Amino acid sequence: HLVCPMNTSPYVDPHKTSQEIWEEFSMSFTPAVREVVEFAKRIPGFRELIERDQVSLLKAGTFEVLMVRFASLFNMAERTVTFLSGKRYSLDMLRSMGAGELLTSMCEFSEKLAALRLDSDEMSLFTAVVLVSADRSGIQDLNSVEALQDKLIRALRNLVMQNHGADASTTFTKLLLKLPELRSLNNMHSEELLSFKVHP
Ligand code: HEM
């Protein structure tokens with residue numbers, strides 16, 4: 001089994017070699033990864049960062065951006081996860097195929113994010129904040145990345161303040177608290193990915 005929803009289905013053909021399984025899986029997730037790159041290029045100020053830092057932020061932050069973008073694949077009312085093919089699988093079924101604590105944490109994250117009821121502009125701006133807040137190890141021009149992060153966080157704050165009435169401050173605080181949660185999901189997910197690479 002390959003229980004990542006970025007695959008088309010959790011089932012893998014037992015006749016396929018691990019290289020074939022990876023090739024098929026890559027075809028499924030690559031368009032989504034390309035869209036993250038295209039999205040990054042449209043963040044005002046991102047292309048003005050030095051190229052090395054653009055690459056470092058994308059390497060560290062792509063999973064987190066995708067997690068936010070695809071949070072709606074996790075349907076907690078129905079206890080299902082929709083894979084990129086559009087097929088839905090129940091949480092119990094995915095657990096029986098080997099998914100564990102990470103699946104549970106992603107479900108909780110998605111449910112709490114949905115509860116904040118962001119509109120599409122807020123969602124885009126939050127996603128931009130997520131990307132420029134990615135792990136800073138290896139960033140060369142920290143000042144420029146931090147200046148861009150500040151600018152985006154201020155814009156997000158203004159937008160949330162305009163849209164969320166009496167809940168605005170708590171909504172904004174909750175959004176910022178999503179950043180460390182995303183980092184932790186990213187770390188747990190990287191471990192799943194690595195161990196899958198070692199024993200597919
Ligand atoms: C697990 C790869 C993005 C959700 C995995 C596994 C791999 C993987 C190899 C281990 C599968 C197994 O052991 O059966 C990737 C790659 C991604 C990606 C290459 C880059 C595009 C994502 C995103 C999400 C996600 C964006 C969420 C929206 C999950 C979940 C699991 C998983 C829920 C199972 C966790 C568990 O075992 O509890 N991923 N993934 N992945 N991935 Fe991904």
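A residue is termed buried when its relative accessible area is under 20%. In the present predicted model, cysteine 4 meets this criterion, because its relative accessibility is 16%. Histidine 189 is likewise classed as buried, its relative accessible area being 17%.

Both residues take part in metal binding. The iron atom of the ligand is coordinated by Cys4 through SG and by His189 through NE2, at 2.0 to 2.3 Å. The coordinating pair joins distant parts of the chain, with the two positions 185 residues apart in numbering: cysteine 4 belongs to the segment before helix H1 (18-41), whereas histidine 189 lies in helix H7 (residues 168-198). Six donor atoms surround the iron atom of the ligand, and the arrangement is octahedral because the angles that they subtend are 85 to 178°.

Helix H7 also packs against helix H2 (residues 51-69), the two axes coming within 9 Å and crossing at roughly 110°. The two helices, H2 and H7, are therefore roughly perpendicular to each other, and their crossing is right-handed. On the H2 side, the contact is formed by Ala60, Phe63, Glu64, Met67 and Val68. The residues contributed by H7 are Leu182, Arg183, Leu185, Asn186 and His189; His189 is thus named both in this contact and among the ligands of the iron atom.

A further buried position occurs in strand S2 (residues 80-82), which contains threonine 82. Threonine 82 counts as buried because its relative accessibility is 17%. When neighbours within four places in sequence are left aside, threonine 82 is in contact with Pro5, Leu73, Lys87 and Arg88.

Definitions and conventions: Residues are numbered from 1 along each chain as its sequence is written. This is a predicted model: local features need pLDDT of at least 70, side-chain atom pairs count only at pLDDT 80 or more; totals for chains, interfaces and linings use all residues. Side-chain values use heavy atoms; hydrogens and water are left out. Donors are N, O and S atoms within 2.8 Å of the metal (3.2 Å for Na, K and Ca); water is not among the atoms, so sites may look incomplete. Four donors count as tetrahedral if all angles lie between 85 and 135 degrees; four count as square planar and six as octahedral if opposite donors are over 155 degrees apart and all others between 65 and 115; anything else is irregular. Helices (H or I, at least four residues) and strands (E, at least two) are DSSP runs, numbered from the N terminus. Buried means under 20% relative accessible area, exposed over 50%, partly exposed in between (1.4 Å probe, protein chains only). Axes are lines fitted to C-alpha atoms, for helices over the stretch in contact, and angles run from 0 to 180 degrees between N-to-C directions. Angles under 35 degrees count as roughly parallel, over 145 as roughly antiparallel, 65 to 115 as roughly perpendicular and the rest as oblique. A crossing is left-handed if the near helix is turned anticlockwise from the far one by less than a right angle, and right-handed if clockwise. Contact means heavy atoms within 4.5 Å.
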